[in-house]
Amino acid sequence: MGHGPCDKCEELLHGYLDRELSEVEHAEAEAHLDTCDYCRRRYRFESQLRKYIRLSAEERMPPGLLDKLAQLRTDPGQGGQASA
Ligand SMILES: [Zn+2]
């Protein structure tokens, strides 16, 4: 539970998204995204998220939306378990 199939490439992905990677690491990340469906989906999700965050930082989104995004971030893969 709470373990993605690709836990260790998460680090790489974050660097990739933040553009903090060296050229070699960047190429590595891209090659990985090419072959790893899980990371590709995560990368899309995260990059979308970042876009929204950037936009909303400029436009001041309602605080509730931030919470939602934070929730999405902290559990990307679990559907279920609503606290009733
Ligand atoms: Zn992966």
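In this predicted model, helices α1 and α2 pack at an angle of about 115 degrees, and their axes lie 10 Å apart. The crossing that the two helices make is left-handed. On the α1 side the contact involves C9, L12, L13, G15 and Y16, which meet E25, H26, E28, A29 and H32 of α2. Sorted by class, the residues of this contact comprise five nonpolar, three polar and two charged ones. A29, which belongs to the α2 side of the contact, touches L12, L13, Y16 and L21 when its neighbours within four places in sequence are left aside.

The largest nonpolar core consists of seven residues, namely C9, L13, Y16, A29, L33, C39 and Y43. Three helices, α1 (9-18), α2 (23-35) and α3 (37-59), each contribute at least two residues to this core, and α1 contributes the most, with three. A29 is thus named both in the core and in the contact between α1 and α2.

Within α1, the buried residues are C9, L13 and Y16. These residues span an arc of only 60 degrees around the helix axis and therefore lie on the same side of α1. An α-helix has 3.6 residues a turn, so residues three or four places apart point the same way. The face of α1 that is turned away from the buried side carries exposed residues, E11 and D18.

The segments that flank α1 were examined next. D7 is located in the segment before α1, and it is classed as exposed because 9 other C-beta atoms lie within 10 Å, where a count of 12 or fewer defines that class. Although D7 and C39 are separated by 32 residues in sequence, their C-alpha atoms are 9.4 Å apart in space; C39 is one of the residues of the largest nonpolar core.

On the other side of the helix, R19 follows just after α1 and lies in the loop between α1 and α2. Its phi is positive, at about 55 degrees, although R19 is not a glycine. Most residues other than glycine have a negative phi. R19 also counts as exposed, with 7 C-beta neighbours inside 10 Å.

Notes:
Residues numbered from 1 in each chain as written. Predicted model: local features only at pLDDT ≥ 70, side-chain atom pairs only at ≥ 80, totals over all residues. Core = buried A, V, L, I, M, F, W, Y, C linked by C-beta atoms within 7 Å. Buried ≥ 20, exposed ≤ 12 C-beta atoms within 10 Å, placed from the backbone. Helix = DSSP H or I, 4+ residues; strand = E, 2+ residues; numbered from the N terminus. Contact = placed C-beta atoms within 7 Å. Arc of directions from axis to C-beta. Axes fitted to C-alpha atoms, helices over the stretch in contact; angles between N-to-C directions. Left-handed = near helix turned anticlockwise from the far one by under 90°. Nonpolar A, V, L, I, M, F, W, Y, C, P; charged D, E, K, R; others polar.
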